[in-house]
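Morning, everyone. I have one structure for you today, and I'll keep it short. Please have a look at it first.

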Amino acid sequence: MDFLIEFGLFFAKALTIVIAIIAVVVVVIAASSKTKHKSGELEVTDLSEQHNEVEEKLNHNLMSKEQLKQHKKQLKQQQKEDKKKGEEQTKPRLFVIDFKGSIDAKEVASLREEVSAVLIAAKPEDEVLVRLESGGGMVHGYGLAASQLKRIKAKGITLTIAVDKVAASGGYMMACIADKIIAAPFSIVGSIGVIAQLPNFNKVLKKNDIDFEQVTAGEFKRTLTMFGENTDEARKKFQSELEETHVLFKEFVQEFRPQLDIAKVATGEHWYGTQAFALELVDEVSTSDDYLMQQFDEKQVIQFKYHTKKKLAEKLSQAASIGVERGVMKIMQSQSWDWTK
């Protein structure tokens, strides 16, 4: 009898655990099914409102009571005048988009959603500011990213691009589309060139008596290879393909910035912002912060940011990565490192 009671308790516990696991699985499946219908969401932030809140807070803390009273009186009077003139309704808008590109330009997925949102909301008198940061990467990825910015130009909307850190290679391919490019003094700009590199393990394979077979249909289906023995003919063809890509790159840049001496700047070199200005690669030496501060008085500044929903595996991977990084930082901070030795 005791055995049956113990067995019953064990069975009940096991059944409870199984039901709990099934419940977790159902929740995960339900969450994933929701993301299929909605892969992300657009976040809209009124930067003008944030700016005004900060300004008012500073005034409240820094002004004397008399100054604050006078300031509020002037502000109230200004609001009345604006209401009479209808400026609040007719004030042009500046839409802000951030693009921080990786090698494969996967961020273009969010960029296309942000650009689409701008095209829905923007009027001809509005402007788009893209705060761009990218050292370039894959040709097709950045070609698509540049095409997204061309959509803005095609609608007749003014496009300004700000480079605070770097817009090189594919990054500059995107930047050159703008009506106006501004760059911080020590930002990196240019690198109008094409590069491809890969290791070759053929000698290692031969040394270890390992054969490598590669079968293709078409003379140039594959040129250089990582494991086979590369030929001079394959190298020549590969170089020819790089040159063709470089020509297309130069023609693209020249189309949008005809004032450039393309032979001088399309050498694959990069320059700092002040140098780039002298070469006419950019139109103004400034930061995106300075540019925004100039706009707040005359425009309503709104930021668009599209957030993609991450899958459960991606969230767990990111959490693990952050945990490892924090652990390493704690270890480093607890040790007395001497980098001079």
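I'll go from the whole chain to strand pairing, and then to the cores.

First, a caution: this is a predicted model. The protein chain has 341 residues, and 32% of them count as buried. Its accessible surface comes to about 23,300 Å². Carbon and sulfur atoms own 57% of that area.

Secondary structure next. We have 13 helices and nine strands in the protein chain. How do contacts spread along the sequence? Take the contacts between residues at least 6 apart: 73% of them join residues at least 24 apart.

Now strand β9, residues 300–308. Strand β1, residues 40–46, runs antiparallel to β9, and seven bridges join the two. One position to look at there is Glu43, which stands opposite Lys305 of β9. Strand β2 covers residues 93–100 and pairs with β9 too, but in the parallel sense, over four bridges. Here Arg93 has Gln300 in β9 as its bridge partner.

On to the interior. In soluble globular proteins, nonpolar side chains tend to be buried together. In this model, the largest nonpolar core holds 49 residues. Which of them touch the most other members? Tyr172 and Leu281 do. Let's stay on Leu281, and skip its neighbours within four places in sequence. Leu281 then contacts Tyr172, Ile181, Val189, Ile192, Arg257, Leu260, Val265, Trp271 and Ala276. There is also a second, separate core, with ten residues. Among them are Leu47, Leu129, Ile182 and Val301.

That's my tour. Over to you.

Notes: Residues numbered from 1 in each chain as written. Predicted model: local features only at pLDDT ≥ 70, side-chain atom pairs only at ≥ 80, totals over all residues. Heavy atoms only, no water. Pairing = 2+ DSSP bridges. Buried < 20%, exposed > 50% of the residue type's maximum accessible area, 1.4 Å probe, protein only. Contact = heavy atoms within 4.5 Å. Areas by Shrake-Rupley, 256 points an atom, 1.4 Å probe, with all protein chains shown as cover. Core = buried A, V, L, I, M, F, W, Y, C linked by side-chain atoms within 4.5 Å.
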